[in-house]
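Here are my notes on the model you sent over. I've put the points in the order I'd go through them at the bench, starting with the inside.

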Amino acid sequence: MRRPEAVTLRTGIRWKISLAIAAVGALIALALSLVVHSAARVSMLDNAREVQLERVQFISRNAEASKKPPLGAKLNDPDLPRELRDKARSGRRGTYVQEHPGAAPEVWAAVPLGNGQVLSLHSRFAESANVLQDLDRALVIGSAAVLFGGSALGVLIGGQISRRLRKAAAAAGQVAQGVPGVRVRDAVGGVVRDETDDLARAVDRMADALQQRLEAERRVTADIAHELRTPVTGLLTAAELLPPGRPTELVRDRAQAMRALVEDVLEVARLDSSSERAELQEVALGEFVTRRVAMLMPQARVRVVANEFVATDPRRLERILGNLLANAARYGKPPIEIDVEGRVVRVRDHGPGFPEAILKDGPSRFRTGSSDRAGVGHGLGLTIAEGQARVLGARLTFRNVALPGASDAQGTGEDRGPGGGAVAVLWLPEHAPTVTGSFPSAGER
């Protein structure tokens, strides 16, 4: 049983940058607010203690203070905090802040009198507490403004970077599809130079290097195939002059196979050069496929669901169809079925299915797949079919059909397991192909 895939969250770089700036701004605003609040409270309390001490000292200088203290001062107040009382009895003056949960603190001041009594004065820290509340409100508003402004700035910066990266990704995708003349650096544009430009230039250099390497390999392959063409033709001519017999048949068979291989390699080289152009004609796709299949593989079954006229190159379409039928006959098992539905042609066999490499990466030259589909061929048939489809502006896809009862492990209901046969689907475009080719927008349903 397949393990469930891990859930991944996809977010844009714009929101990541905005979130990062907002988080840093919130932390800075919170830290500064705490520092400012703490410093303001300490400063106000120190100022209140100094004022309270000056007031109690002024009262103590009055001669009547020891009898009836004025201005709310008291002698030997029983509510006087013990720490401050002990300090005053030891002959020292002092202040004390008494905290009250949920209420403003009290500021005490006490001085010793000459007759052994202690004169004290206390008051609530109410006005300063109101000032602190106003300060806290201003800090909250300022922090919110900083947070909002930082987030907006992050959206702007992240949006610019995101747009440049999206342009780079789109241009890189065009380069991967073989669109000529596309440069990631030109697509990115902009006056400001940053790491995005370095990435774009690196991708352009890599694309140029890969293109040069592929072009060199194509030229070498084409040159070798072209040079082999003449001796192989001479070998076939010489084989026709041999006396009849089994050895002669073997020589002719191998020489013909070599000539077919050389022609296929030359065709692949021409397709890789992107110099091929389609010669378009209006054809009824269902009737065309029915006639060609009757000539190429009479035992195959053709079903025309919907016949539609398409603008295509009949010669290249026949080449694609012939290669798909040959691949199905060589690697699959009968019956071979061809369905025509509008602009879509499906070729299915009932063999072991396409190998995983073709399903994942598409056909590749000189790769015939896994051992259960190997044995003969050079892996050029599907490569040529895909190249010819590209010239037509069409798309060629490959999938496997599961045996009855074997569904997709993720519960999607789509059959993709091996054993039920291989299906090659040709999607012809709605419009005639352009110089660079066009691809149908609709996906397989």
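1. Cavities come first. Counting those of 30 Å³ or more, there is 1 cavity in this predicted model. The space inside the largest cavity is about 50 Å³.

2. Which residues line the largest cavity? Going along the chain, they are Leu324, Asn327, Ala328, Val347, Asp349, Phe354, Leu382, Ala422 and Ala424. You may want to pull these up in your viewer.

3. Now for the character of that lining. It breaks down by class into 7 nonpolar residues, 1 polar and 1 charged. Asn327 is the polar one, and the charged one is Asp349.

4. Which elements supply at least two residues each to the lining of the largest cavity? They are helix H8, covering 314-331, and strand S11, covering 419-427. H8 gives the largest share of the lining, with 3 residues. Leu324, Asn327 and Ala328 are the lining residues that fall in H8, while Ala422 and Ala424 fall in S11.

5. Stepping back to the whole chain, the secondary structure consists of 10 helices and 11 strands. Of the 445 residues in the chain, 35% are buried.

6. On contacts, take the pairs of residues at least 6 apart in sequence: 63% of those contacts join residues at least 24 apart.

7. Last, the surface. The chain has an accessible surface of about 27,000 Å², and carbon and sulfur atoms account for 57% of that area.

How values were computed:
Residues are numbered from 1 along each chain as its sequence is written. This is a predicted model: local features need pLDDT of at least 70, side-chain atom pairs count only at pLDDT 80 or more; totals for chains, interfaces and linings use all residues. Side-chain values use heavy atoms; hydrogens and water are left out. On a 1 Å grid over the protein atoms alone, a cavity is a set of points where a 1.4 Å probe fits but cannot get out, and a pocket is an open set with protein on both sides within 12 Å along at least five of seven lines; lining residues have an atom within 4 Å of a point. Grid points are joined across faces, edges and corners, and a volume is the space filled by probe spheres set on the points. Helices (H or I, at least four residues) and strands (E, at least two) are DSSP runs, numbered from the N terminus. Buried means under 20% relative accessible area, exposed over 50%, partly exposed in between (1.4 Å probe, protein chains only). Contact means heavy atoms within 4.5 Å. Accessible areas come from the Shrake-Rupley method with a 1.4 Å probe; for residues, only the protein chains shown count as cover.
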